[in-house]
Each structure stands twice: as structure tokens, then as C-alpha cells.
Amino acid sequence: MTTPVEPEETARERGLTVPGYRRDHEVHPPLDFSGYKSTALRHPKRALTLLPHMLTEITSPVLGEDRIGELDNDLTRQHDGEPQGQRIIVHGRVLDSDGRPVPNTLVEIWQANAGGRYRHVNDNWPCPLDPNFTGVGRTMTDAEGRYRFTTIQPGAYPWKNHDNAWRPAHIHFSLFGRAFTQRLVTQMYFPGDPLFFQDPMWNSIPDPAARERLVARFDYAATVPEWALAYEWDIVLRGREETPFETEVDDD
């Protein structure tokens, strides 16, 4: 993600060699954060280098509504049986720096089940898998930039980053433009989670106000009676209210 140009000498001091690129260090987490151990293994060890876009990156793959299945945005109906847990609706808008909607963009989510376990070969903590919940969905924003998912409230889960480490309940979001090279990744948290204080991903964001932009708002008006609770979360791609984004995909 790019923001306004900074002096070239400042970019050099920060190890950036891409002209016109400035990472917003107050909003986005650093590439290497001591509290999040795996960043030491995967953060860039050399200065960034500009790779020009070729025809493939500019023109394909084409992402459109015809590639979205009927149940892709309803994670509770993708199997024959009902998944375990509290049904929730997660909805919101994708906005640009001026608050304008971003239409026809692909939004993908992935998450743990109600017990806090992913359907992933490397997730083997002693919590049952749900045979009726895969934990993956996708949708396209409409003309007003709106998206909507029906899913299950994810559970917290332990991980071995530090002593007695637990990830707060969260849903991963991936947003695309018109090609895979335009991908952005972030996480949505839930209000009032008691585990924020010890989560290195949350605490790696320098600005406390920016952290709060990752927390969804409980939306009683959007609940479905006797069916599902609801949360609203807008994603702002750039500007003063920009949503913090990750730099790499992570399964945690």
C-alpha cells in the first residue's frame, strides 16, 4: 500500500528504495516485531526493490461475480449439517481514502471454528474439528461497496508465541482489486475481548486509535431474530482512517 511521497533520503534511511513509497509506521505493524516471533524469520532482510508490472499482472486473473458460488458468503450452509456455535452476520463497506465505496472487489475470509480450531493440517491442538464448518468464504462488494457474510463466532485458541499465549477471537480478511498483485490482508476483532492485552499482533500496531479500527461494532439492528447476531465493520483502504493491514498471509 502506498501513501504520499516522502523525501528520498528519508526513504533510504528506512531501507526503502521504491520511489514514491512510504509505509505508514503509525498505522501498520512493523515488518519485524520482537513480540511476534515468526516475523523474525519472514521479514525482508534486504531493501525493497521495484518490480514492474507486466501484462499478466495488469490484465489477469479477472475476478468477477460469475466466479462466486451461491453459498460462498454463507459459511453455515456449505455442508449438509449445521455447524456448532453462535451464528453471526458480518457486514460492512469497503471504502477509499475519501470515504467513497469501492465496488466489485473480491473479499475473502478465513477463520477458526467455534472452539478455536482451523481446518488446517498444522492445527492440532486438542479441540474437535467441526465436520460442518470449513471456515472459508468469499463475496464481491456491490455497487455501494457493501459486503456481507454469515458465519460462526470464532473461538480463541492457544499458540506458542509466548508463555500462556492466546489469540483473541478474530476473522482474517483478504481484499483484492482486479488482480492478485493488489491483495491486502487484515484481521477483524470483536468488541470487549479480554485477550487484547497479550496479543502481539494487536500490540504491534503503534497507534492505539488505529488498533481500534480493527474492532467490529455490534449491530443489533442487523441481527436476524431467532437466527443470528450481527457485527458491522468497514474497511478503509487509505487515508486518515485507514485500516491497518498485514504484509504477508498468516494462518495464525
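A residue counts as exposed when its relative accessible area is over 50%, as buried when that area is under 20%, and as partly exposed in between. At 58% relative accessibility, Asn-164 therefore falls in the exposed class. With that yardstick in hand, let us walk through this structure, which is a predicted model.

**The chain as a whole**

The chain has 252 residues, and 44% of them count as buried. Its secondary structure comprises five helices and 11 strands. Of the contacts between residues at least 6 apart in sequence, 69% join residues at least 24 apart. A UniProt record, an unreviewed entry, lists residues 90-118 under "domain: Intradiol ring-cleavage dioxygenases". In the model that span is 0% helix and 38% strand, and its end C-alpha atoms lie 19 Å apart.

**The loop between S2 and S3**

A good place to look closely is the loop that links strand S2 (106-110) to strand S3 (136-140), where Asn-113 sits. Is Asn-113 buried or exposed? Its relative accessible area is 4%, which is under the 20% limit, so Asn-113 is buried. A polar atom of the Asn-113 side chain lies 2.9 Å from the backbone nitrogen of Gly-115. Beyond its neighbours within four places in sequence, Asn-113 is in contact with Cys-127, Pro-128, Leu-129, Asp-130 and Phe-133, and also with Gln-153, Pro-154 and Gly-155.

Arg-119 belongs to the loop between S2 and S3 as well. With a relative accessible area of 41%, Arg-119 lies between the two limits and is therefore partly exposed. Leaving out residues up to four places away, Arg-119 touches Leu-129, Asp-130, Pro-131, Asn-132, Phe-133 and Thr-134. Arg-119 and Leu-129 are 10 residues apart in sequence, while their C-alpha atoms are 6.9 Å apart in space.

Which backbone atoms do the side chains of Asn-113 and Arg-119 reach? The table sets them out.

| Side chain (polar atom) | Backbone partner | Distance |
|---|---|---|
| Asn-113 | nitrogen of Gly-115 | 2.9 Å |
| Arg-119 | oxygen of Asp-130 | 2.5 Å |
| Arg-119 | oxygen of Phe-133 | 3.4 Å |

**A cavity beside these residues**

Rolling a probe the size of a water molecule over the atoms shows where empty space is left. The structure holds two cavities of 30 Å³ or more, and the second largest has a volume of about 40 Å³. Which residues line the second largest cavity? Asn-113 and Arg-119 are both in the lining, together with Gln-111, Ala-112, Arg-117, Tyr-118, Leu-129, Asp-130, Phe-133 and Thr-134. By class, the lining residues divide into four nonpolar, three polar and three charged.

**Two residues with positive phi**

Most residues other than glycine have a negative phi. Asn-164, where we began, has a positive phi near 50°. Asn-164 lies in the loop between strand S5 (157-158) and strand S6 (166-167). Glu-226 also has a positive phi, near 60°, and its place is the loop between strand S9 (217-218) and strand S10 (229-232). Why does Glu-226 count as exposed? Its relative accessibility is 85%, and the exposed class needs a value over 50%, so Glu-226 qualifies.

Key: Residues are numbered from 1 along each chain as its sequence is written. This is a predicted model: local features need pLDDT of at least 70, side-chain atom pairs count only at pLDDT 80 or more; totals for chains, interfaces and linings use all residues. Side-chain values use heavy atoms; hydrogens and water are left out. Helices (H or I, at least four residues) and strands (E, at least two) are DSSP runs, numbered from the N terminus. Buried means under 20% relative accessible area, exposed over 50%, partly exposed in between (1.4 Å probe, protein chains only). A polar contact is a pair of N or O atoms within 3.5 Å; within protein, one must be able to donate a hydrogen and the other to accept it, and residues adjacent in sequence count only if both atoms are side-chain atoms. Contact means heavy atoms within 4.5 Å. UniProt positions are given in the numbering used here, feature names are shortened, and annotations may be inferred rather than shown by experiment. On a 1 Å grid over the protein atoms alone, a cavity is a set of points where a 1.4 Å probe fits but cannot get out, and a pocket is an open set with protein on both sides within 12 Å along at least five of seven lines; lining residues have an atom within 4 Å of a point. Grid points are joined across faces, edges and corners, and a volume is the space filled by probe spheres set on the points. Ala, Val, Leu, Ile, Met, Phe, Trp, Tyr, Cys and Pro count as nonpolar, Asp, Glu, Lys and Arg as charged, and the others, Gly among them, as polar.
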